[in-house]
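Biologist: Please take one part of this model and go through it closely, residue by residue. Start with the chain as a whole, so that a first-year student can place the part, and finish with some other places for reference.

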Amino acid sequence: LIVPSQHTASARQADDDVWTEIRNFQKSLLQMAASRGQEMIFMETAMGVEQHFRHGYIECIPVDTETAEDAPIYFKKAIDEAESEWSTHNAKKCIKTD
């Protein structure tokens, strides 16, 4: 997990310093995974953002290269299938970061 020391409900709400800290940790984890022949999947589920009662965090999952290549397809399919659950929200469903 990447958990910023400064309280923020989600990465989208983080100020520039917190976002820089998050990106630096992600880069370090990517280098570590590459040294092991793996790649990383980073994901954040931001719920209750408006109430600011949750502290945001990003899950970091090391996976083999083949799984990493297929991951976007599976995530997109799952999000598309759950569209009715997301249709009432005004925020973006998924933010591509590559």
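Modeller: I start with contacts along the chain: among those between residues at least 6 apart in sequence, 53% join residues at least 24 apart. The model is a predicted one. Its chain has three helices and two strands, and along the sequence these elements come in the pattern α-β-β-α-α. The chain has 98 residues, of which 22% count as buried. About 7,400 Å² of the chain is exposed, and carbon and sulfur atoms supply 52% of that area.

The part I have chosen is helix α2, which covers residues 65-81. How many salt bridges does the structure hold? There are two, and helix α2 contains both partners of the Asp-80 and Lys-76 pair as well as both partners of the Glu-81 and Lys-77 pair.

Take Asp-80 and Lys-76 to begin with. The salt bridge between them has its closest N and O atoms 2.9 Å apart. Along helix α2 these two residues are separated by four positions, or about one turn of the helix. Is each partner exposed or partly exposed? Asp-80 has 35% relative accessibility, so it counts as partly exposed. Lys-76 is at 52%, and therefore counts as exposed, because the exposed class begins over 50%.

The other pair is Glu-81 and Lys-77. Their side chains meet in a salt bridge with an N to O distance of 2.5 Å. Glu-81 and Lys-77 are also four residues apart in helix α2, about one turn of the helix. Glu-81 is exposed because its relative accessible area is 56%. Lys-77, at 48% relative accessibility, counts as partly exposed, since that value does not pass the 50% limit for exposed residues.

Helix α2 also takes part in a charged patch on the surface. Which residues form this negative patch? They are Glu-39, Asp-64, Glu-66, Glu-69 and Asp-70. The largest share, three residues, comes from α2. One residue of the patch, Glu-66, is found in helix α2, and with a relative accessible area of 58% Glu-66 is exposed. Asp-80 and Glu-81 are in salt bridges, and residues with a salt bridge are left out of patches.

For reference, here are two places described outside helix α2. One is Gln-26, which lies in helix α1. Is Gln-26 buried or exposed? With 6% relative accessibility, Gln-26 counts as buried, because buried means under 20%. Leaving aside residues up to four places away in sequence, Gln-26 touches Ile-2, Phe-42 and Ile-58.

The other place is a nonpolar surface patch of about 300 Å², made by Leu-1, Val-3 and Tyr-57. Leu-1 sits in the segment before α1, the helix of residues 16-35. Its relative accessibility is 68%, so Leu-1 counts as exposed.

Conventions
Residues numbered from 1 in each chain as written. Predicted model: local features only at pLDDT ≥ 70, side-chain atom pairs only at ≥ 80, totals over all residues. Heavy atoms only, no water. Patch = residues over 30% accessible without salt bridge, like charges linked within 9 Å, V, L, I, M, F, W, Y side chains within 5 Å. Areas by Shrake-Rupley, 256 points an atom, 1.4 Å probe, with all protein chains shown as cover. Salt bridge = Lys/Arg side-chain N within 4 Å of Asp/Glu carboxyl O. Buried < 20%, exposed > 50% of the residue type's maximum accessible area, 1.4 Å probe, protein only. Contact = heavy atoms within 4.5 Å. Lys, Arg positive; Asp, Glu negative; His and termini not counted. Charge placed at Lys NZ, Arg CZ, Asp CG, Glu CD.
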